[in-house]
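Colleague: I am new to this one. Could you walk me through it with short questions and answers?

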Amino acid sequence: MRILISNDDGYLAPGINALANALAPIADIVVVAPDSNRSGASNSLSLDRPLSVQRAANGFYFVNGTPTDCVHVALTGVLDYRPDLVVSGINNGPNMGDDTLYSGTVAAATEGYLFGIPAIAFSQGTFGWEHIDDAARHARDLIERYYDTLPRPYLLNVNIPNRPYAHLTEVVATRLGKRHQSEPVIRSQDPRGKEIFWIGPPGATKDAGEGTDFFACAHGRTSITPLQVDLTHKSQLAALEKALA
Ligand code: MN
């Protein structure tokens, strides 16, 4: 099996290193990831400047672009083959509910999916790298167990609780939960006294009920949500047609 690995935390992040180490024994891997932390980059493409692909001493490729750039360039320019799987992560922190719209981790996987390749985004349920090798081993287990059996093409959003490998035993299918609106921006001043803004933290959970990704991870279970890309609000189509008539 040939696996393309990317992320949004950058090619030096512990999460992508752990994932590459875990997958190397079961697949031919290639890592193409941003040269810096691009968390929150969503599905953005860099259209206003050229992209360069460089190779680090450990063999990882790094790109002066977004997660989506990385997978796009890898699939259409760098690789001379089509990978069997695109994986992204393992992200430092959760990508649940509305996070998935902003996430560069999910976006990297989505780019693979848009090219018709099975794709999986991996994130840890909480911030901190303490159990990252456990999460990576668990991610490999999931790929080995389910890669062949799921209907294709699939785009899976996986959140893994931060806990030792021996305690990563429960895996459940979930739907995305929902967050309240984001916290306000944080006002500050630059050194010259000009007002500046930092984007604030995401909102607290609004729908974290049973069946959601939030609920699963809070209860120590690995959450797998199947995603789709079509944003059409299908249940509103008929009402809109009527309103336009
Ligand atoms: Mn990130």
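**A walk through the chain**

Modeller: Start with Arg140, which lies in helix α5 (residues 132-146). Keep in mind that this is a predicted model.

Colleague: Arg140 is buried yet has no salt bridge; which side chain of opposite charge is nearest?

Modeller: A salt bridge needs a side-chain nitrogen within 4 Å of a carboxyl oxygen. The nearest candidate for Arg140 is 4.3 Å away, and Arg140 has no salt bridge. That candidate is Glu144.

Colleague: Which residues does Arg140 touch, not counting those up to four places away in sequence?

Modeller: Leave the sequence neighbours aside. Arg140 then touches Ala22, Leu23, Pro25 and Ile26.

Colleague: Where is Asp9 placed?

Modeller: Two elements flank Asp9. One is β1 (2-6), the other α1 (14-23). The place of Asp9 is the loop between β1 and α1.

Colleague: How far from Asp9 is the nearest side chain of opposite charge?

Modeller: Asp9 is buried and has no salt bridge. The nearest side chain of opposite charge belongs to Arg38. Its distance from Asp9 is 10 Å.

Colleague: Which side chain makes a polar contact with the side chain of Asp9?

Modeller: Asp9 also has a backbone nitrogen by its side chain: that of Asn92 lies 2.9 Å from a polar atom there. Contacts of Asp9 beyond four places in sequence include Ser36, Asn37, Ile90 and Trp129. The side-chain partner sits at 2.9 Å, and it is Ser39.

Colleague: How many residues of helix α4 (residues 104-114) are buried?

Modeller: Helix α4 is mostly covered. Among its buried residues are Val106, Ala107, Glu111 and Tyr113. The count for α4 is 10 of its 11 residues.

Colleague: Which elements do the buried residues of α4 pack against?

Modeller: Two helices take part, α2 (67-78) and α3 (99-102). The contact with α2 also shows from the other side, since what covers the buried residues of α2 includes α4. The full set for α4 is β1, α2, β5 (85-91), α3, β6 (119-124) and β7 (155-160).

Colleague: Which residue caps the N-terminal end of α4?

Modeller: Look for a side-chain oxygen by the backbone nitrogen of Thr105. One lies 3.0 Å away. The cap is Ser103.

Colleague: Which residue takes a positive phi just after α4?

Modeller: The angle is about 80°. The residue is Gly116.

Colleague: Is Leu168 buried or exposed?

Modeller: Leu168 is in the loop between β7 and β8 (171-173). Buried means under 20% relative accessible area. Leu168 has 8% relative accessibility, so Leu168 counts as buried.

Colleague: Which residue, 54 residues apart from Leu168 along the chain, has its C-alpha atom 7.2 Å away?

Modeller: Leu168 touches several residues beyond four places in sequence, among them Asp134, His138 and Ile160. The list of touching residues also includes the one you want. It is Thr222.

Colleague: How many helices and strands does the chain have, and what is its radius of gyration?

Modeller: The secondary structure comes to seven helices and 13 strands. The globule rule gives 18 Å for 245 residues, and the chain comes close to that, so it is as compact as a globular protein of that length. Its radius of gyration is 19 Å.

Colleague: What share of the 245 residues is buried?

Modeller: The C-alpha trace spans about 55 × 50 × 45 Å along its principal axes. The chain exposes about 12800 Å². The buried share of its residues is 46%.

How values were computed. Residues numbered from 1 in each chain as written. Predicted model: local features only at pLDDT ≥ 70, side-chain atom pairs only at ≥ 80, totals over all residues. Heavy atoms only, no water. Helix = DSSP H or I, 4+ residues; strand = E, 2+ residues; numbered from the N terminus. Buried < 20%, exposed > 50% of the residue type's maximum accessible area, 1.4 Å probe, protein only. Lys, Arg positive; Asp, Glu negative; His and termini not counted. Polar contact = N/O pair within 3.5 Å; in protein donor to acceptor, adjacent residues only side chain to side chain. Contact = heavy atoms within 4.5 Å. Rg over C-alpha atoms; globule rule 2.2 N^0.38 Å. Areas by Shrake-Rupley, 256 points an atom, 1.4 Å probe, with all protein chains shown as cover.
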